[in-house]
Amino acid sequence: MIHYLFVGIPSIVFEPVAIVALLGGFSAFGSHRKNKGPFFWSVIVAVCIMISWRLIAYSLMTSSRYASILIYPAIIATAWFCFQDERDKQNRTCSFSHQYNTLSRFAKIKIFALYTVIIIIAVLCLKKILHRDLYGGYTPRLCKTLRSETANKDYLLFAQNEPDRIAFYSGIDVKKIQTLGDATEHSLDEMLKQKIMELNNSVEVSYFVFSLKKDEPVPTLQHLGFDSSVGEWECLHQEYTSKRKNKKMVLYRFIPAHPNIEEWNETITTLDQNNTCKNGDFEQVLVGKEMENAIARYFGDIIPESFDITACLLPKDWNFSTSSINGKTSFTRLTSEKPMDGIYSLEIQSHSYGFSYMEGGYMPKKDCLLTGFIQAKKDSKIMVHPCFFNSEKKTTLIENTYWLYASAGKTYKFSISVTNTQNIKDFNNMCFVIQCSGHILLDNIQCIKLDTSLPSESGSQF
Amino acid sequence: MIGLTFILFLSLFLKLLCWDYDPTVSRDGSLYIQLVQSWYDTGLFPNMLSADTPNWLPPLPFFLMKSLMCIGLSAAEAGVILNIVLGSFAPLLTYGIAWEVTQRKDIAVFSAFLTAIHPSMNALSVKPQRDMVYLFFIGLTLWLICAGIRKKQWHFWFGAGLVCGCAMLTRFETIEFLVIVPVVLFCLFSGKITTKRQSLLYLSSFFVCFLGSIFFLSFLMKTTGHFVQACELYYQNKYYALGKQSEF
């Protein structure tokens, strides 16, 4: 509240005007203290109401512009102060020189001082108006670089600040601009690191727009904990946002290596005869009691009232779980509506990784190559974990996490090598866990044993 | 009169100069440009500001910007030109308010001059935002209220109510006048400046015109249910999923 009163309001009123207006208010109160008419009190009360409710609701006043109405009384109070000279008491029909010559020495000094105040205020106002901020156009200049980079290309764009302004100056649809993350919970480095991990297996080039403070280190790949194998990370544009040079707006480009995913424009390949992943094509469907049990395990106690069990199909040999928060429910089910291959594809729609969970491909642990096809209905992020467990399945080990990124409307093939499984002690079996944030179709997931006599392919692992 | 004309031209000149010095659209301005463009393209005032934020904003400034687009201006140009034109008249409003309050011509002229060269007034005039539209209507409201007090004529309060309704459709902070006007009239009645009958006449003129202008303008802009729809969307957004997520 104090900050809004002494900083917020004066900033919109203009500080020199605010100071003189305050003096004008006191002097008006003093000169009218004996002749306080109702009009005077009405003005005072109105201004007090305007200021006081804004102070009471200061937490809602995110900007000093909410107090812009106070410019009017501040200007009038300033003018009152500057023109309340001794000539008030004189006959104003006389000429200025006659009035001036009849004044006392003190009064003449007072007039001189007040006119000096007028000149100072006018000069300060004009100085502020005519000041050209050389750093003010940083967003248009950065967006010019961004526009030339993204012309005629598929790309992803992440902006931590000013997404609407970036959309305006770059011509990019604002809906295409994604945020880096929640800046109140994570640092810039954490958000960049998370994004690079997720985008390492993205086919599209990514652009990042964010601000960097003076004391923040330059976010190189090494600083973020990656080596050059994840892809190319380059700063395309940077400039200061003000003459104080304490903050920069920067544009980075990330060309991922995407070792585990590729865009797929050909026919979906059928399952290999050496495939060991059961029901990876999702053509075998649960029926009867098995289906009811699976639904009960899947939803637990949170089967929505509007849920039609008869319309939900789940595949054999896979386990699912879901959750619902604030009415937002994820679901995983088989769909026969435009499947990628065969009769069914698996459809996953989820708000976050934590909401969707599917597990399958149970087999004894071995070096293998997991492949599958993804068709993205909207921009989606997928996590794939090879998991290892013992016979009782009381403990599991998630060895690595592979992040995949799929852009809306495209089809991809993913390939993940799981190697050196002989080094994993105490666990004899393995499976795969897939989690998704977004809306995708999955099909033809298969697992081919890798010949250990051959050099193993190593995927990107974190 | 000549001095006031000079001040108005000075105000216009300084605003055009400011626009040349800093033509960058502000953060809020870029959001408003999207709203205006969407309204112009679809004929409907958008219900959503972004993917997950209902549109709470009062529609009048966007309606005025959209109307200017019909003469071939872009949304950004329409927003800025509207604000420059309205901002150029702000010194006239300050002159009127100062004259009614102080009855001193020198104070009124200097107030007008100070408004013309005021940094915030100039800065707000060259951004496609709501502030200058609000300051114009609220300045006019203050002038009419002060004139109504001085001249004791009900049609000034009538006009103040009309213009205050326009200000309410620009920024919701105008709601403070629903408290200020009754308090001011009570002060005048207590000080025997106005009679009880006069105070009630002025108060009712103001409120009837205030509400009437809000409803009439909302009907004209076809945004009658906008605020109610925004409340509904806010409630839905907070407690229920939107779109396909709710099909289960």
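Where is the place of B:Thr194 in chain B? Hold that thought while I set the scene.

Hi everyone. What you have on the screen is a predicted model, where local features need pLDDT of at least 70, side-chain atom pairs count only at pLDDT 80 or more, and totals for chains, interfaces and linings use all residues. Residues are numbered from 1 along each chain as its sequence is written, chains are lettered from A and ligands numbered from 1 in the order in which they are written, and side-chain values use heavy atoms, leaving out hydrogens and water.

Back to the opening question. B:Thr194 sits in the loop between helix 10 and helix 11 of chain B. For helices and strands I'm using DSSP runs, numbered from the N terminus: H or I with at least four residues for a helix, E with at least two for a strand. B:Thr194 is buried, with a relative accessible area of 6%. Buried means under 20% relative accessible area, exposed is over 50%, and partly exposed is in between, using a 1.4 Å probe and protein chains only.

Who are the neighbours? Leaving aside residues up to four places away in sequence, B:Thr194 touches B:Leu185, B:Leu188, B:Phe189, B:Ser199 and B:Tyr202; a contact here is heavy atoms within 4.5 Å. With B:Ser199 there is also a polar contact between the side chains, at 2.8 Å. A polar contact is a pair of N or O atoms within 3.5 Å; within protein, one must be able to donate a hydrogen and the other to accept it, and residues adjacent in sequence count only if both atoms are side-chain atoms.

Now let's zoom out to chain B. It has twelve helices and two strands, and along the sequence the pattern runs α-α-β-β-α-α-α-α-α-α-α-α-α-α. Its C-alpha atoms fill a box of roughly 70 × 45 × 25 Å along the principal axes. Of its 248 residues, 54% count as buried. Among contacts in chain B between residues at least 6 apart in sequence, 73% join residues at least 24 apart.

Two helices are worth a stop. The first stop is helix 9 of chain B, residues 154-168. Eleven of its 15 residues are buried, so helix 9 is largely enclosed by the rest of the structure. Among those buried residues are B:Phe156, B:Trp157, B:Cys164, B:Cys166 and B:Met168. What covers them includes helix 3 (60-69), helix 8, helix 10 and helix 11 (196-221) of chain B. The expected span of a helix is 1.5 Å times one less than its number of residues. For helix 9 of chain B that should be 21 Å, and the end C-alpha atoms are indeed 21 Å apart.

The other stop is helix 5 of chain B, which is mostly covered, with ten of its 13 residues buried. Those include B:Pro91, B:Tyr95 and B:Glu100. Its expected span is 18 Å, and its end C-alpha atoms are 18 Å apart, which agrees. Just after helix 5, B:Gln103 takes a positive phi of about 60°.

On to the partner. Chain A comes to eleven helices and 17 strands, and buried residues make up 50% of its 462 residues. Two of its residues have a positive phi without being glycine. A:Phe14 has a phi of about 85° and lies in the loop between helix 1 (2-13) and helix 2 (15-31) of chain A. A:Phe14 is buried, with a relative accessible area of 7%. A:Glu162 has a phi near 50° and lies in the loop between strand 1 (155-159) and helix 8 (163-170) of chain A. A:Glu162 is buried too, at 8%.

So how do the chains meet? The contact takes 69 residues from chain B and 63 residues from chain A. Together they bury about 5700 Å², 69% of it on carbon and sulfur atoms; buried area is the accessible area (1.4 Å probe) that two parts lose on being put together, summed over both. Across this interface the rule finds five salt bridges, each a side-chain nitrogen of Lys or Arg within 4 Å of a carboxyl oxygen of Asp or Glu. One of them joins A:Arg54 and B:Glu176, at 2.8 Å from N to O. There are also 13 residue pairs in polar contact, both residues at pLDDT 80 or more.

Which helix of chain B gives the largest share of the side that touches chain A? Helix 8, with ten residues. Thanks, and I'm happy to take questions!
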